[in-house]
Each structure stands twice: as structure tokens, then as C-alpha cells.
Amino acid sequence: MAQVYQSASIKLGNEIITVIYVSYAAIATDEMAARSLAAMKPLFKNSTVVLAAQGINLAPEFVGPKHVVDILRGRALTEFKWYPITIGQP
């Protein structure tokens, strides 16, 4: 079954970053975050994948490579230009 996610692409130097908005449950624990990230990575082979969610304290939380998460930390989700992407078979 296909699912629609909100995604944003940004460029950091020569690296393309794909930020995918997911539910907080998808990143709530280290195990869930690792599983969610592992599921998304193969779908975006030409970019670095970072997951974003609205945290329980209403601040955005980012999960992905440390060097990218460190750069994104403190950015509001409204700073990204989001567009819908469909993942999976209809």
C-alpha cells in the first residue's frame, strides 16, 4: 500500500539532503529510528536521508547522519519547502 510523506531537498556543499517528515512514533526510540531510516535509505540512493518529526516538546527532531543533524538542529520545520512524495505500490 502506498503512503504519502512530506519531503524537502536541500543542498549542503556538494551533498544533497532529503528530509522526510514522519510521525514521532517512527523515531521515538533508537530502535524505531534505526528501522525507519534503514527503510527509507534505499529509496533515495543519490542523497543523504534525514527523518524529521515534531517532537513531544513541539520542537523538530532530526534523525540521520550526525554531521547533517548537527547542521539542521535548531531549524524550524517551516523553513523547509515541503512537497508530497508517494512511497510504495498503490
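The points below go through the overall build of this predicted model and then its aromatic side chains.

1. Secondary structure. The chain holds 2 helices and 5 strands, and reading from the N terminus these elements follow the order β-β-α-β-β-α-β.

2. Overall dimensions. Along the principal axes, the C-alpha atoms occupy a box of roughly 35 × 30 × 25 Å. The radius of gyration of the chain is 12 Å, which agrees with the value near 12 Å that a compact globule of 90 residues would have.

3. Burial and contacts. Of the 90 residues in the chain, 37% are buried, a class that takes in residues under 20% relative accessible area. Among the contacts in the chain with a separation of 6 or more, 59% are made by residues that stand 24 or more positions apart.

4. Surface and charge. The chain has an accessible surface of about 5700 Å², and carbon and sulfur atoms contribute 57% of that surface. Its charged side chains comprise 8 positive and 6 negative ones, with the centres of the two sets lying 8 Å apart.

5. The aromatic pair of Tyr21 and Trp82. The count of aromatic pairs in the model comes to 3. One of them joins Tyr21 and Trp82, whose rings are 6.1 Å apart from centre to centre, with 75 degrees between the planes; this arrangement is edge-to-face, because planes over 60 degrees apart are classed that way. Tyr21 belongs to strand E2 (residues 15-21), whereas Trp82 sits in the loop between helix H2 (66-72) and strand E5 (83-87), so the pair ties together parts that are 61 residues apart in sequence.

6. Exposure of that pair, and the partner Phe80. Tyr21 has a relative accessibility of 30% and therefore counts as partly exposed, and Trp82, at 24%, also counts as partly exposed. Trp82 pairs with Phe80 as well: the ring centres of Phe80 and Trp82 are 5.5 Å apart and their planes stand at 55 degrees, so this pair is tilted. Phe80 itself has 6% relative accessibility and so counts as buried.

7. The aromatic cluster. Tyr21, Phe80 and Trp82 are joined by Phe62 in one aromatic cluster. Within this cluster, Trp82 is paired edge-to-face with Tyr21 and in a tilted arrangement with Phe80, and a reader who inspects the structure may wish to begin with the partly exposed Trp82 and then turn to the buried Phe80.

Note on methods
Residues are numbered from 1 along each chain as its sequence is written. This is a predicted model: local features need pLDDT of at least 70, side-chain atom pairs count only at pLDDT 80 or more; totals for chains, interfaces and linings use all residues. Side-chain values use heavy atoms; hydrogens and water are left out. Helices (H or I, at least four residues) and strands (E, at least two) are DSSP runs, numbered from the N terminus. The radius of gyration is taken over C-alpha atoms; the globule rule is 2.2 Å times the number of residues to the power 0.38. Buried means under 20% relative accessible area, exposed over 50%, partly exposed in between (1.4 Å probe, protein chains only). Contact means heavy atoms within 4.5 Å. Accessible areas come from the Shrake-Rupley method with a 1.4 Å probe; for residues, only the protein chains shown count as cover. Lys and Arg count as positive and Asp and Glu as negative; His and the chain ends are not counted. The place of a charge is taken as NZ of Lys, CZ of Arg, CG of Asp or CD of Glu. Rings of Phe, Tyr and Trp (its six-membered ring) pair if their centres lie within 6.5 Å; planes under 30 degrees apart count as stacked, over 60 as edge-to-face and the rest as tilted.
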